[in-house]
Amino acid sequence: MKSDALDRRGGWFDHPVLSLLLVVSWLALSRSLEPVHLLSALLIGLIVPRLLRGLLHVGSPIRWGAAVRLSLVVTWDIVVSNITVAKLVLGPMSRPQPAWLRVPLACEHHRVNALFASIITMTPGTVSAVIDESARCIWVHALNCDDAAGMVADMKARYEAPLLAVFRLDGEGRP
């Protein structure tokens, strides 16, 4: 099934992550665990995804272990990058070396590429500016880059390869 196909399934638990997020969000907004709020949260978590199923895309099966490992790597990189950028900005006025990097994409899977670009943008010091699907690359602006090829290889190894593993894709973007 294509990754961009709309969801036409008829089950009540076809989008369990969305249901869980709706339940948790409702309980956080209500700031209460009273039975009426618990029941409301459960009903919202069941009914909203069911009503939106014609607008939602079919979910891709993922490997949860790989997703957790990737989340830990991204969290660590965000912390380390924040410190690095703070030192660069607040430290001695050494000149940063900004650069535009062309990061080639390993697959055409829209979710993988969007998540890859988002992770790059979340990491301080880099911003993904454009996902150029026709050229199969992401254009990234780096605040400080002394080794462009090394930085591109690092992004692909630390983020793109694990994303392919999370979505059970090979190096060519096929399941």
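A salt bridge is a side-chain nitrogen of Lys or Arg within 4 Å of a carboxyl oxygen of Asp or Glu. Helices are DSSP runs of H or I with at least four residues, numbered from the N terminus. The structure used in these exercises is a predicted model.

**Exercise 1.** State how many salt bridges a search of the whole structure finds, and name the partners of Asp 77 and Glu 108 in them.

Solution.
- Step 1. The search of the whole structure gives three salt bridges.
- Step 2. Asp 77 pairs with Arg 158, with 2.7 Å between the closest N and O atoms.
- Step 3. This pair links distant parts of the chain, 81 residues apart: Asp 77 sits in helix α3 (residues 64-90) and Arg 158 in helix α5 (residues 148-166).
- Step 4. Glu 108 pairs with Arg 136, and here the closest N and O atoms are 3.6 Å apart.
- Step 5. Glu 108 is in the loop between β1 (99-104) and α4 (110-122), while Arg 136 is in the loop between β2 (126-132) and β3 (137-142), so their salt bridge ties together parts that are 28 residues apart in sequence.

**Exercise 2.** Explain what separates Glu 160 and Lys 156 along helix α5, and classify both residues by accessibility.

Solution.
- Step 1. The side chains of Glu 160 and Lys 156 form a salt bridge, 2.3 Å from N to O.
- Step 2. Both residues belong to helix α5; because they are four residues apart there, about one helical turn separates them.
- Step 3. Glu 160 has a relative accessibility of 2%, so it counts as buried, the cut-off being under 20%.
- Step 4. Lys 156, with a relative accessible area of 22%, is partly exposed.

**Exercise 3.** Classify the residues of the other two pairs as buried, partly exposed or exposed.

Solution.
- Step 1. Asp 77 has a relative accessible area of 9% and is therefore buried.
- Step 2. Arg 158 stands at 29% relative accessibility and counts as partly exposed.
- Step 3. Glu 108 has a relative accessible area of 57% and is exposed, since exposed means over 50%.
- Step 4. Arg 136 is partly exposed, at 31%.

**Exercise 4.** Describe the surroundings of Asp 77 beyond its neighbours within four places in sequence.

Solution.
- Step 1. With those neighbours left aside, Asp 77 is in contact with Thr 123, Arg 158 and Tyr 159.
- Step 2. Of these, Arg 158 is the salt-bridge partner of Asp 77.
- Step 3. The side chain of Tyr 159 makes a polar contact of 2.6 Å with the side chain of Asp 77.

Notes
Residues numbered from 1 in each chain as written. Predicted model: local features only at pLDDT ≥ 70, side-chain atom pairs only at ≥ 80, totals over all residues. Heavy atoms only, no water. Helix = DSSP H or I, 4+ residues; strand = E, 2+ residues; numbered from the N terminus. Buried < 20%, exposed > 50% of the residue type's maximum accessible area, 1.4 Å probe, protein only. Polar contact = N/O pair within 3.5 Å; in protein donor to acceptor, adjacent residues only side chain to side chain. Contact = heavy atoms within 4.5 Å.
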